[in-house]
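Let's take a walk through a protein model together. Keep the picture open and turn it around as you read.

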Amino acid sequence: MPTTFESIVQALGSGLPVLLVQLLVTLVLLVIGVAVYSRITPFDERRLVAEGNAAAGLTYGASIAALAIPLAATLATNAMVIDIILWGAVALVLQLIAFAAATLLIRGLHRQIEEGNVASAAVLAGMQVAVALINAAAIAG
């Protein structure tokens, strides 16, 4: 009969590789989502952040979090890597659509972010995180 320590080591030996693969797949999806988001935004948030633009920093940080939230729900509710990939892709598409819709609702968002309007950035950030939370709940079912 195995000892408690041996049972723990055995569980780690079988579970850790699965955890690492699932984590890696989810992180790759996040990187892809951030890359796509960066390409579709009408402004270069990374450059603006490097220049000290707080509004861009707020929107960029919130965008990354908003992409990660439904991916976390996907990771938490799916054991198979293919499910994580499929539902993760759906989650990312929904988040990117939400960003596009938000940019239509906030007139002149591009200019406002570039000018450092933190109020507009906060509204966009809130919209993105709110949709992310609802998206995550829908995924988790």
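Here is a short tour of a cavity, a pair of helices, some salt bridges and a few buried residues.

## Before we start

One thing to keep in mind: what you're looking at is a predicted model. So that you can follow along, residue numbers start from 1 along the chain.

## A cavity inside

How many cavities of 30 Å³ or more does the structure hold? There is 1. The volume of the largest cavity comes to about 50 Å³.

Go ahead and find the residues around the largest cavity: Tyr 37, Ser 63, Ala 66, Leu 67, Gln 95, Leu 96, Phe 99 and Gln 128 make up its lining. Two helices each give at least two residues to that lining, namely H3, which spans 54–77, and H4, which spans 81–105. What about the chemistry of the lining? Sorting its residues by class gives 5 nonpolar, 3 polar and no charged.

## Tyr 37, one of the lining residues

Let's stop at Tyr 37, which is part of the lining of the largest cavity. You'll find Tyr 37 in helix H1, residues 4–40. Is Tyr 37 buried or exposed? Its relative accessibility is 2%, and buried means under 20%, so Tyr 37 counts as buried.

Now look across to Thr 59. Along the sequence, Tyr 37 and Thr 59 are 22 residues apart, and their C-alpha atoms sit 11 Å apart in space.

## Two helices side by side

Two packed helices are described by the angle between their axes and the distance between the axes. Try this with H3 and helix H6, which covers residues 118–140. Their axes come within 9 Å and cross at roughly 5 degrees. Angles under 35 degrees count as roughly parallel, so H3 and H6 are roughly parallel to each other. Where these two helices touch, the contact has 19 nonpolar residues and 6 polar ones, with no charged residues.

## Two buried residues of H3

Stay with H3 for a moment. Ala 55 belongs to this helix, and with a relative accessibility of 0%, Ala 55 counts as buried. Its partner for a distance check is Ala 125: the two are 70 residues apart in sequence, yet 9.8 Å apart in space from C-alpha to C-alpha.

Pro 70 is also placed in helix H3. Which class does Pro 70 fall into, buried or exposed? Pro 70 has a relative accessibility of 0%, so it counts as buried. From Pro 70 to Gly 141 is 71 residues along the chain, while 12 Å separates their C-alpha atoms.

## Salt bridges

How many salt bridges does the count come to? The count is 2. One of them links Glu 51 with Arg 47, whose closest N and O atoms are 3.0 Å apart. Glu 51 has a relative accessible area of 54%, and exposed means over 50%, so Glu 51 is exposed. Arg 47, with a relative accessible area of 37%, is partly exposed.

Another salt bridge brings together the side chains of Arg 111 and Glu 115, at 3.3 Å from N to O. Here Arg 111 has a relative accessibility of 45% and counts as partly exposed. Glu 115 reaches 58%, so it counts as exposed.

Key: Predicted model: local features only at pLDDT ≥ 70, side-chain atom pairs only at ≥ 80, totals over all residues. Heavy atoms only, no water. 1 Å grid on protein atoms, 1.4 Å probe; cavity = no way out; pocket = protein on both sides within 12 Å on 5 of 7 lines; lining within 4 Å. Points joined across faces, edges and corners; volume = space filled by probe spheres on them. Helix = DSSP H or I, 4+ residues; strand = E, 2+ residues; numbered from the N terminus. Nonpolar A, V, L, I, M, F, W, Y, C, P; charged D, E, K, R; others polar. Axes fitted to C-alpha atoms, helices over the stretch in contact; angles between N-to-C directions. Parallel < 35°, antiparallel > 145°, perpendicular 65-115°, else oblique. Salt bridge = Lys/Arg side-chain N within 4 Å of Asp/Glu carboxyl O. Buried < 20%, exposed > 50% of the residue type's maximum accessible area, 1.4 Å probe, protein only.
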